[in-house]
Structure formats: structure tokens, C-alpha cells
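Work through the exercises below with the sequence and the model side by side. Try each task before reading its solution.

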Amino acid sequence: MSATPPRRLLRVLHIEDSDLDHQLVVTQMRRAGLDVTSMRVETAAEFEAALRDGCGGEDWDVILSDYNLPGFSGLMALDMLRASQRLVPFIIVSGEIGEDVAVEAMRNGASDYLLKNNLARLVPATLHAIDAQQAMRAKQAADAALAQSKERLRELAQHLQTSVEAERAAIAREVHDDVGGSLTALKFDIAWIARHAQDEAVRQRAQSALETVNHALEASKRIMHNLRPAILEQGLVAALQWMTARFEKRTGIATTFHSSHEQMQLPAGVPLVAYRTAQEALTNITKHAQASRVKVDLTLAGGVLSLEVSDNGRGLSPADLSKARSFGIRGLHERAGTVGGWVDLTSGPHGTTLILLVPLTGEGPPSDDAPHEDVRSGQHDPTFWGEL
């Protein structure tokens, strides 16, 4: 003999001025096998109190409402439910309701509407509305969990980026203090040997060694700059002007730099993000674009910093952008997110444009409202952050 399945519990709040109609609704639900706990209210005050207190400390499973009551209505109840921000299905059960009224009720958030003289759909409509509302609650909970996870990931990315920059600075100091100091001392010693050597072969070898040491010193300076761009101490505008000038000199690609201001007062962290973004963009242009012209624009307006790097190269294909190891572009997005910004990348057969946008909350425009600069420039020594 099979066990009788448990009856489904249902907490019903019924907005109805007729006790007979209320009993008919409850009876219809119980005949369908539902274990109903109900409360009937007639006024806005009673409805508000019932919403606030719930049913035995629990939220109501469903709200059934007549459309017209003395001094109250189903639409008023809908507005009150929406203002309470409770996710409870709301079904209108009325003696008569026009199609335009029903459409308005559905538009305002009602789950369904029924006529009192045809309650055959009451239980299916109620259970469907409850299931739909539970699915919505689950989706909202999942969305909230996802948003929280994204925030934790953003905080982790910011922490990792800060750690990376701190480590870069430490390595740059070691290169400067240890390697640079040792190479400088070696340079003086070799120069002394070259001055005092009597043998011409020794002097030539000493001169060759001096050239090698000079190359090593230049390399150490370049490495230190890539690890920690000291030029940023002169400001972002000066740093980007210097970077683009070096870029043009190294690659031969005609490069133009524009800035809306000669100097910009920016929050901590923003200049480095903008600098690294431009650095990565120019690096990718060198590797992939086959461009003959590059334009870099830096603008501060309306409390938003905008950095735009565009070229007239071959552009990026969808396959380039979707490559599994596209860590360079992915890194740009993550880096921008550490200061609340974002990166937009568009590409076509006539070139690629990368835009970094960073809202500067609470930051006004700089006091110096200088005209645009137009600086012919060129290249830095690109730092590899990952292939496109």
C-alpha cells in the first residue's frame, strides 16, 4: 500500500471584502490537495500590516486580490507590494475585469488574473506563479553571488597588480643599486686601464670593453624604466609624450600625441594604468598592426580620463580577439578594472582603436586649461605582457 504524498503547504494573503468569496477560494485550493493557511484583509492598512508581519514569521506564498474594494483596489495593493520590495506572486481574482484593466495590472507586476465565476484555473495559476517567483528569487540570489564573486575577483586583481608593481619597483632598485653601481665602477676601472696602458693592443681591448660596459649600462637603464617608469614622476602627459617620441624614433612609424591639458592632477594609480595601457597598445602595434601611422589622444573632460590609441594597420580578426591565450588584451581589461575603468577595443580593415576610460569620482578638471599639444613622436622599448 503506497503512502499518501504530503500535502503542499500554502500561505495565502487574500484581499477580499466578501467572506463568502474568500471561503470559496480557500475551499477550491483545499480540494486540490493544498494545505492552506490564509488571512483575509479589506483595507490598505490591514494589507500593509499583513505584508510587514507575514504569516507566522514567514513571507506569504501568494497574494490573491479582488480588483475593486471600498476605498482600496488591486492596483493600489500592487503598488504597495512593489514599494515593499517583497517578491511575492500577486494574482487578481475579480468578479469582472476588463481586458485593458487586466493588461494594466499585468504591466504593473501582477502574475495573473482570474474571474470569480471560473476558479478552475485558480490552483494551476497559483502554483505556476509561485514557481516562477521562486525561480526569480533563485536568479536574483545567483546574480548577487556572481556580483560578489566579481567584486572579490576585482579586489584580488587589484591586489595582485599592486604586488606586481611593488615587485617591479624592488627589482628596479636592485638593478640600479647593484648592477648599475657595479657596471659604473667597472667602467671607471677600464677607463683607467685604457689611459695607463702602454701596449696598443691592451688599449684597444680596453676601449672595446668600455663600449660593452656602456651597452650594459644602457640596457640596465632600459630594464629599470620598463620595470618602473620613473618618467611618470614628471606627470602622465610628459610620460606619454616621451613614450610616443621614443616609439616613432625606434620604429619609424609616424606617431602623433595630443593632450587636452599640459598637466593633469589624477588619483593615485590612474597614471600608471594609463601608461601601461599605452605601452601595451604600442607594443601590439609593433608586433601585429603593420601600421604606418599611430595617433595617441589623452583627454580629461567631465570627470572622465580618456586615453585613445589608434593606428591605420591591418586590424584584428575575430580569431585574434578570441585566442585562448589572449593575455595582453585580457590584462588590459583587468588592469583598467583596478581603478574603476574599462577598455573598449574596436578593429576593422583600416586599423584598430583602443580606448581606456576611467571615471575620476570627485575629481574635477585641472586648473590649467591649455590647448591641445601636437607632438611628433616615437617609440619606447616595448615590454612584453603577452601576445594578443
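A residue counts as buried when its relative accessible area is under 20%, and as exposed when it is over 50%. The model is predicted.

**Exercise 1. The whole chain**

Task: State what percentage of the residues is buried, and how many helices and strands the protein has.

Solution.
- Step 1. Apply the cut-off to the 388 residues: 42% count as buried.
- Step 2. Go through the secondary structure. It comes to 10 helices and 13 strands.
- Step 3. Add the surface. The accessible surface is about 21400 Å², and carbon and sulfur atoms hold 53% of it.
- Step 4. Turn to contacts between residues at least 6 apart in sequence. Of these, 73% join residues at least 24 apart.

**Exercise 2. The five-stranded sheet**

Task: Give the strand order of the open sheet of five strands, and say which strands stand at its edges.

Solution.
- Step 1. Read the order across the sheet: β2-β1-β3-β6-β7, with parallel pairing.
- Step 2. Look for strands with a single partner. These are β2 (34-41) and β7, so each has one side without a neighbour in the sheet.
- Step 3. Follow the twist. From one strand to the next it averages 25 degrees.
- Step 4. Zoom in on one pair. β1 (residues 8-15) and β3 (residues 62-65) run parallel and are joined by four bridges. Within this pair, I15 stands opposite S65 of β3.
- Step 5. Add the helices. α3 packs on the sheet and touches β1, β3 and β6. The direction of α3 makes about 170 degrees with that of β6. Helix α1 (residues 19-31) lies across β1, β2 and β3, at about 165 degrees to β2.

**Exercise 3. The two faces of a helix**

Task: Sort residues of helix α4 (residues 99-107) into buried and exposed, and find what the buried ones pack against.

Solution.
- Step 1. List the buried residues: V101, A102 and A105.
- Step 2. Look down the axis of α4. The buried residues fall within an arc of 100 degrees, so they line one face of the helix.
- Step 3. Recall the helix geometry. An α-helix has 3.6 residues a turn, so residues three or four places apart point the same way.
- Step 4. Turn to the face away from the buried side. There sit the exposed residues E99, D100 and R107.
- Step 5. Find the partners. The buried residues of α4 pack against α3 (74-84), β6 (90-94) and β7 (112-115).
- Step 6. Check what follows the helix. Just after α4, G109 has a positive phi of about 120 degrees.

**Exercise 4. An aromatic pair**

Task: Decide whether the rings of F47 and F72 are stacked, edge-to-face or tilted.

Solution.
- Step 1. Check the distance. A pair needs ring centres within 6.5 Å. The centres of F47 and F72 are 6.2 Å apart.
- Step 2. Check the planes. Under 30 degrees is stacked and over 60 is edge-to-face. The planes of F47 and F72 meet at 50 degrees, so the pair is tilted.
- Step 3. Place the rings in the chain. F47 is in helix α2 (residues 44-53) and F72 is in strand β5 (residues 72-73), 25 residues apart.
- Step 4. Check burial. F47 and F72 are both buried.

**Exercise 5. A hairpin and a buried serine**

Task: Describe how β11 and β12 pair. Then decide whether S306 is buried or exposed.

Solution.
- Step 1. Take the sense of pairing. β11 (residues 342-348) and β12 (residues 351-359) are antiparallel, over seven bridges.
- Step 2. Look between the strands. Two residues separate them, and the strands form a hairpin.
- Step 3. Pick one bridge: S347 has T352 in β12 as its partner.
- Step 4. Move to S306, in strand β10 (residues 304-311). Its relative accessibility is 18%, so S306 counts as buried.
- Step 5. List contacts of S306, leaving aside neighbours within four places in sequence. They are D297, L298, T299, I355, L356 and L357.

**Exercise 6. Positive phi outside glycine**

Task: Locate Q85 and Q290, and decide whether each is buried or exposed.

Solution.
- Step 1. Recall the background. Most residues other than glycine have a negative phi.
- Step 2. Take Q85. Its phi is positive, near 60 degrees. Q85 lies in the loop between α3 and β6. With a relative accessible area of 72%, Q85 is exposed.
- Step 3. Take Q290. Its phi is positive too, about 55 degrees. Q290 sits in the loop between α8 (270-289) and β9 (293-301). At 68% relative accessibility, Q290 is exposed.

How values were computed: Residues numbered from 1 in each chain as written. Predicted model: local features only at pLDDT ≥ 70, side-chain atom pairs only at ≥ 80, totals over all residues. Heavy atoms only, no water. Buried < 20%, exposed > 50% of the residue type's maximum accessible area, 1.4 Å probe, protein only. Arc of directions from axis to C-beta. Contact = heavy atoms within 4.5 Å. Areas by Shrake-Rupley, 256 points an atom, 1.4 Å probe, with all protein chains shown as cover. Pairing = 2+ DSSP bridges. Axes fitted to C-alpha atoms, helices over the stretch in contact; angles between N-to-C directions. Phe/Tyr/Trp six-rings, centres within 6.5 Å; stacked < 30°, edge-to-face > 60°.
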